[in-house]
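Let's take a walk through this one together, starting with charged pairs and working from there to strands, loops and the way the chains meet. Keep the viewer open as you read.

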Number of protein chains: 2
Amino acid sequence: MPTPKNTLFIIGIGPGKDDLLTIAAKEALAQAKVILGYRTYLAQIAHLIRGKEVRATSMMEEVKRAQEALALAEKNGPVALVSGGDPAIYGMSAPVFEVLAARRRPYHVRIEIIPGVTAACAAAARLGAPLSNDCALISLSDRLTPWEQITRRIRLATEGDFVLVFYNPKSKRRKNQLKEALEIVAHRRPPDTPLALVKGAWREEEKIVLTTLAEKERISALADMSSLIIIGNSQSKLIDDFFLTPRGYGEKYRLTDEKA
Amino acid sequence: MPTPKNTLFIIGIGPGKDDLLTIAAKEALAQAKVILGYRTYLAQIAHLIRGKEVRATSMMEEVKRAQEALALAEKNGPVALVSGGDPAIYGMSAPVFEVLAARRRPYHVRIEIIPGVTAACAAAARLGAPLSNDCALISLSDRLTPWEQITRRIRLATEGDFVLVFYNPKSKRRKNQLKEALEIVAHRRPPDTPLALVKGAWREEEKIVLTTLAEKERISALADMSSLIIIGNSQSKLIDDFFLTPRGYGEKYRLTDEKA
């Protein structure tokens, strides 16, 4: 079935490694006439969109980018709007649907969201099994959410013994949020709680630090825009070179192999 | 570079639609000599693993399956252990690493986790932008986690104004958890809070119900093992046919297009 001309694809490209794109994402990119996105993400898929009309924009221009994508799709699509990771989790779905909700007239656009591998899953795959119990995803960016609301969520999620995943832990402009956030957690969890930083997951520059809350200062210093932070719950352990949050199989099953 | 023989791939196959597999997942399946998994997930990828040695097991056999996969990979791999969605989020990473943590001797196995599209992202893509602010992922299965701990998490996450995502809301054996969970939320959020059920996301049998907490009884009755439940935060809205949790762009930017 050919893709209608007024289609806007919102595409999750995953962590930025070629073969962690879904097949659907690759196909939608191939079909699109115009590709829009933040320049860092477009650079990651440059070889997949060669020869296409590409409109790279800066960070903080999500609303403008969403408006432009909707207008282009209405006139002459298909158009692809690219998100790092998954479009739902701090990606491009929000600005598009916020613009749609605020619109003065209906857009004649058919939206197709193609989900992707979100950073929490990309990072977890490099660490072992850190997210195997209930987890809370929290963005530390206070650009759109007040910092008091973010810290309140961190406190409550820590009290609920959730595994914590911090997206957007730090940027050039936001230097102190991660430090403060880790202090809030450290007041409520012991210093030997596992703490991982994954920088540029799955990309050539990938850097993994597997440590504990005791080293929160070091982690705060190391983090940047491309980092994700995972903090274990009260059951999490560091074993050899992996991070384990038990699901609880050990309470119910014999885990050691008889023949071992 | 050829894959070492002692490789165990733990593979996320996403929501169960072919083209929402990553390219890496498809390649790992092609390389594996033996494929292990829960029979429902193996059926979803049957055409990709024809001619391979396949060992389908039942639900509740995760530990046995993990032990078998490790033993096979050690002797004669590569072996692929299949997870629905992503292996980290209530998938097969937990039993494998719990077995490794409890082992009496080291396994000589090289583990490679291939992340996938988790159910939260797969469902969100069908709904609009429901997860665009901080969210808590909670499994309602009390098979391995005590129910009091689960309900405590639901209470705290509701107080923290997280978007709530309920995995494993119901099974043949567990009939009341979702009902109780929705009651806990309904005590703390107004009846017009958006509530979505996505059953069999992206598969032929997909069924979507977009409603509000006022209809919690109906949703409890409709849910099953293949369902995911999303409950909005205090800012979430149902607009036309989509579910929006604003990220907050409207507070900072002009969302209506000048030319509109």
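Counted over all chains, this predicted model has 30 salt bridges. The idea is a familiar one: side chains of opposite charge can pair when their charged atoms come close. Here the cut-off is a side-chain nitrogen of Lys or Arg within 4 Å of a carboxyl oxygen of Asp or Glu.

Pull up chain B and look at Glu53(B) and Arg55(B), whose side chains form a salt bridge with 2.7 Å from N to O. Glu53(B) is partly exposed at 39% relative accessibility, and Arg55(B) is partly exposed too, at 29%. Another pair to click on is Arg110(B) with Glu112(B), where the closest N and O atoms are 2.7 Å apart. Arg110(B) has a relative accessible area of 34%, so it falls in the partly exposed class, and Glu112(B) is also partly exposed, at 23%.

Now for a salt bridge with buried partners. Arg189(B) pairs with Asp161(B), and the closest N and O atoms are 3.9 Å apart. This pair ties together distant parts of the chain, 28 residues apart: Arg189(B) sits in the loop between α7 (177-186) and β9 (194-199) of chain B, and Asp161(B) in the loop between α6 and β8 of chain B. How accessible is Arg189(B)? Its relative accessible area is 6%, so Arg189(B) counts as buried. Asp161(B) is buried as well, at 15% relative accessibility. Over in chain A, salt bridges that share partners connect Glu53(A), Arg55(A) and Glu68(A) in one network.

Stay with Asp161 for a moment, as its backbone deserves a look. Asp161(B) is not a glycine, but its phi is positive, at about 60°. In chain A, Asp161(A) has a positive phi near 60°; this residue is in the loop between α6 (147-159) and β8 of chain A and is buried, with a relative accessible area of 15%.

The strand after that loop, β8 (residues 163-167) of chain A, runs parallel to β7(A), and five bridges join them. Within this pairing, Ile138(A) stands opposite Phe166(A) in β8(A). Is β7(A) buried or exposed? Five of the five residues of β7 (residues 135-139) are buried, so this strand is largely enclosed by the rest of the structure. Cys135(A), Leu137(A) and Ser139(A) point one way, while Ala136(A) and Ile138(A) point the other, and all are buried.

Another backbone detail turns up at a proline. The peptide bond from Gly77(A) to Pro78(A) is cis, with omega near -5°, and Pro78(A) belongs to the loop between α3 (62-76) and β4 (79-83) of chain A. In chain B, the bond from Gly77(B) to Pro78(B) is cis with omega near -10°, and Pro78(B) is in the loop between α3 (62-76) and β4 (79-83) of that chain.

Next, the sheet toward the later part of chain B. Three strands make an open sheet in the order β6-β13-β12, with mixed pairing. Its edge strands are β6 (128-129) and β12 (237-239), each of which pairs on one side only. Three bridges hold β12(B) to β13 (residues 242-244) in the antiparallel sense, and Lys237(B) stands opposite Leu244(B) in β13(B).

How do the two chains relate? Chain A superposes on chain B with a rotation of 180° and 0.0 Å of shift along the axis, at an RMSD of 0.0 Å. That is the relation of a two-fold axis. Every interface residue of chain A (100%) is also an interface residue in chain B, so the copies meet through the same surface. Ala101(B) gives you a contact to inspect: it lies in helix α4 (residues 93-102) of chain B and touches Ile239(A), Phe242(A) and Leu244(A). Ala101(B) is partly exposed, at 30% relative accessibility. Within its own chain, Ala101(B) is 50 Å from Asp240(B), C-alpha to C-alpha, and 139 residues away in sequence.

Last stop: the surface of chain A. Met59(A), Met60(A) and Met225(A) make a nonpolar patch of about 240 Å². Met225(A) comes from the loop between α8 (216-222) and β11 (227-231) and is partly exposed, with a relative accessible area of 38%.

Technical notes: Residues are numbered from 1 along each chain as its sequence is written. Chains are lettered from A and ligands numbered from 1 in the order in which they are written. This is a predicted model: local features need pLDDT of at least 70, side-chain atom pairs count only at pLDDT 80 or more; totals for chains, interfaces and linings use all residues. Side-chain values use heavy atoms; hydrogens and water are left out. Copies are superposed by least squares on the C-alpha atoms of residues with pLDDT of at least 70 in both. Contact means heavy atoms within 4.5 Å. Patches are made of residues with over 30% relative accessible area and no salt bridge: like charges are joined within 9 Å, nonpolar side chains (Val, Leu, Ile, Met, Phe, Trp, Tyr) within 5 Å. Accessible areas come from the Shrake-Rupley method with a 1.4 Å probe; for residues, only the protein chains shown count as cover. Helices (H or I, at least four residues) and strands (E, at least two) are DSSP runs, numbered from the N terminus. Buried means under 20% relative accessible area, exposed over 50%, partly exposed in between (1.4 Å probe, protein chains only). Two strands pair if DSSP finds at least two bridges between them. Lists of a residue's contacts leave out its neighbours within four places in sequence.
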